[in-house]
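Reader: I am new to this structure and would like to learn how to read its features one at a time. Where should we begin?

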Amino acid sequence: LRTNTTLTALDVSENRGMCDARAVEKLVEGIHTNATLTFIDVQLCGIESDANLRALADAINGSVASALGCVACRFFPHLRPETTHLRLQMTKSEAAVVPYGAFQLLAACVGRNTSLLSLDLTRCPLKRRLGRCFAEALALNRSLRELNLGRTGLDDAVGRSLGAMLYENDS
């Protein structure tokens, strides 16, 4: 992945052997440096632990080169290259079983996504930590036109982060 200049989509779904630390490390390294990969499918493979999902999110967020803006994961609706509207609604009990890293990965991809026009997070219990992740991602996103954050439990600090996002994002 690190030196590949043509790959735009990578599907590693249902490969249980992908949980090996060395395999995850190499994948994270490749994502961090690859400038052509825009979609990754990690459904039902060993990568879906909280630590691994956080590492993938960090690789995207910490990269100048990464164009990875779409992800398929078993914890939320798939954000595919052709996705223009994404609705992520879940109860507190449903959200409680989703690793924090899955939300971080989704937020990182939203930040790099170029097709998403509408994001509906109504009733998704984001609260402070996840609200800040999404605020940072939204500061980078240049395609989003509609954002619904109703009933997400955001506090004043996240409100300030969202205000700063609106100030930084001129699109």
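Reader: How many of the 13 residues of H4 are buried?

Author: A word of caution to start with: this is a predicted model. A residue counts as buried when its relative accessible area is under 20%. In H4, 13 of the 13 residues are buried, so the helix is largely enclosed by the rest of the structure.

Reader: What distance does H4 reach from its first C-alpha to its last?

Author: The expected span of a helix rests on 1.5 Å a residue. H4 reaches 19 Å, close to the 18 Å expected for its 13 residues. Helix H5, residues 127-140, can be read in the same manner: its 14 residues reach 20 Å, close to the 20 Å expected.

Reader: Which residues of H5 are buried?

Author: They are Leu 130, Gly 131, Cys 133, Phe 134, Ala 135, Ala 137, Leu 138 and Ala 139.

Reader: What do the buried residues of H5 pack against?

Author: Packing is read from contacts, that is, heavy atoms within 4.5 Å. The partners of the buried H5 residues are two helices, H4 (100-112) and H6 (156-168), and two strands, S6 (118-120) and S7 (146-148).

Reader: How far apart are Gly 163 and Ala 135 in sequence and in space?

Author: Residues separated along the chain need not be equally separated in the fold, and both numbers should be read together. Gly 163 is in helix H6, and Ala 135 is one of the buried residues of H5. The two are 28 residues apart in sequence, with 8.7 Å between their C-alpha atoms. Gly 163 itself counts as partly exposed, because its relative accessibility is 36%.

Reader: What is the volume of the largest pocket?

Author: Its volume is about 200 Å³. The pocket is lined by 10 residues, and those closest to its centre are Leu 138, Leu 144, Met 165, Leu 166 and Asn 169. Leu 138 is also among the buried residues of H5. S7 and H6 each supply at least two residues of the lining. By class, the lining has 5 nonpolar, 3 polar and 2 charged residues.

Reader: Is Glu 48 buried or exposed?

Author: Glu 48 is buried, because its relative accessible area is 6%. Its place is the loop between strand S2 (39-41) and H2. For a buried side chain, the next step is to look for partners. A polar atom of the Glu 48 side chain lies 2.9 Å from the backbone nitrogen of Arg 74. Beyond residues up to four places away in sequence, Glu 48 touches Val 42, Gln 43, Leu 53, Cys 73, Arg 74, Phe 75 and Pro 99.

Reader: Where is Ser 63, and what does it contact beyond its sequence neighbours?

Author: Ser 63 sits in the loop between helix H2 (50-61) and strand S3 (70-73). It counts as buried, because its relative accessibility is 5%. Leaving aside neighbours within four places in sequence, Ser 63 is in contact with His 32 and Arg 112. Its side chain also has a polar atom 3.0 Å from the backbone nitrogen of Ala 65.

Reader: Which residue between S1 and H1 has a positive phi although it is not a glycine?

Author: Glu 14 does, with a phi of about 55 degrees. Glu 14 lies in the loop between strand S1 (9-11) and helix H1 (21-33), and it counts as exposed at 60% relative accessibility. Leu 44, in the loop between S2 and H2, has a positive phi of about 50 degrees. Leu 44 is partly exposed, with a relative accessible area of 32%.

Methods. Residues are numbered from 1 along each chain as its sequence is written. This is a predicted model: local features need pLDDT of at least 70, side-chain atom pairs count only at pLDDT 80 or more; totals for chains, interfaces and linings use all residues. Side-chain values use heavy atoms; hydrogens and water are left out. Helices (H or I, at least four residues) and strands (E, at least two) are DSSP runs, numbered from the N terminus. The expected span of a helix is 1.5 Å times one less than its number of residues. Buried means under 20% relative accessible area, exposed over 50%, partly exposed in between (1.4 Å probe, protein chains only). On a 1 Å grid over the protein atoms alone, a cavity is a set of points where a 1.4 Å probe fits but cannot get out, and a pocket is an open set with protein on both sides within 12 Å along at least five of seven lines; lining residues have an atom within 4 Å of a point. Grid points are joined across faces, edges and corners, and a volume is the space filled by probe spheres set on the points. Ala, Val, Leu, Ile, Met, Phe, Trp, Tyr, Cys and Pro count as nonpolar, Asp, Glu, Lys and Arg as charged, and the others, Gly among them, as polar. A polar contact is a pair of N or O atoms within 3.5 Å; within protein, one must be able to donate a hydrogen and the other to accept it, and residues adjacent in sequence count only if both atoms are side-chain atoms.
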